[in-house]
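Open the model in your viewer and keep the sequence panel beside it. Each stop below names what to select and says what is there.

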Amino acid sequence: MTLLIVLSVLLVAVVVLVLAGALIAVRQRLESISENLAALAGALEGVESEHLRPLEGAVTAINAQFDIILGALPGIARKAAVVAERRPA
């Protein structure tokens, strides 16, 4: 009976050690991922500030032109429908 108790306690100790080791490995990997994500965030901020922000004015101007074009499309569609109706079959 004493042997079974000792083996049970030993088994519990082994399971706890294995779980602790697994949790430590997970923590180390998560820390590594966190460091890599921080580096990536810094690089993305650099790209945004150096390359994307200067384009903001051009993008705004282009989008304004698209708004004008999109606003004209319903009128063009109406005129095209009139022309299509008058076209001989």
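**First stop: a bridge along the helix**

Select E31 and R27: both sit in helix α1, four residues apart, about one turn of the helix. This is a predicted model. Show the two side chains. E31 and R27 form a salt bridge, with the closest N and O atoms 3.3 Å apart. Is E31 buried or exposed? E31 counts as partly exposed, because its relative accessibility is 41% and the partly exposed class runs between 20% and 50%. R27 has a relative accessible area of 45%, so R27 is partly exposed as well.

**Second stop: the other bridge**

How many salt bridges does the structure hold? The structure holds two. For the other, select R53 and E48. Their side chains meet in a salt bridge, at 3.8 Å from N to O. Color E48 by accessibility. E48 comes out at 36% relative accessibility and therefore counts as partly exposed.

**Third stop: the nonpolar patch**

Select M1, L3, L4, I5, L7, V9, L10, V14 and V18. Together these residues form a nonpolar patch on the surface. Switch on a surface for the selection. The accessible area of the patch is about 960 Å² in total. Now pick L7 alone. L7 lies in helix α1, which covers residues 2-52. At 45% relative accessibility, L7 counts as partly exposed.

**Fourth stop: distances along α1**

Use the distance tool on C-alpha atoms here. Start with I33, which has its place in helix α1. Which exposure class does I33 fall into? I33 is partly exposed, because its relative accessibility is 45%. Draw a line from I33 to A22. The two are 11 residues apart in sequence, and their C-alpha atoms are 16 Å apart in space.

Next, select S49. S49 is also a residue of helix α1. S49 has 35% relative accessibility, so S49 counts as partly exposed. Draw a line from S49 to S32. The C-alpha separation is 26 Å, for residues 17 apart along the chain.

**Fifth stop: the loop**

Where is L55 found? L55 is in the loop between α1 and α2, and α2 spans residues 56-86. L55 is partly exposed, as its relative accessible area is 45%. Draw a line from L55 back to A25. These residues are 30 apart along the chain, and 44 Å separates their C-alpha atoms.

**Last stop: the whole chain**

Clear the selection and zoom out. The secondary structure comes to two helices and zero strands. Along its principal axes, the C-alpha trace spans about 105 × 45 × 15 Å. What is the radius of gyration of the protein? The protein has 34 Å, whereas a compact globule of 89 residues would have a value near 12 Å.

Now show the full surface. The protein exposes about 8,000 Å², and carbon and sulfur atoms supply 71% of that area. Of the 89 residues, 1% count as buried.

Finish by coloring by charge. The protein carries 7 positive and 8 negative charges, and the mean positions of the two sets are 17 Å apart.

Key: Residues numbered from 1 in each chain as written. Predicted model: local features only at pLDDT ≥ 70, side-chain atom pairs only at ≥ 80, totals over all residues. Heavy atoms only, no water. Rg over C-alpha atoms; globule rule 2.2 N^0.38 Å. Buried < 20%, exposed > 50% of the residue type's maximum accessible area, 1.4 Å probe, protein only. Areas by Shrake-Rupley, 256 points an atom, 1.4 Å probe, with all protein chains shown as cover. Lys, Arg positive; Asp, Glu negative; His and termini not counted. Charge placed at Lys NZ, Arg CZ, Asp CG, Glu CD. Patch = residues over 30% accessible without salt bridge, like charges linked within 9 Å, V, L, I, M, F, W, Y side chains within 5 Å. Salt bridge = Lys/Arg side-chain N within 4 Å of Asp/Glu carboxyl O.
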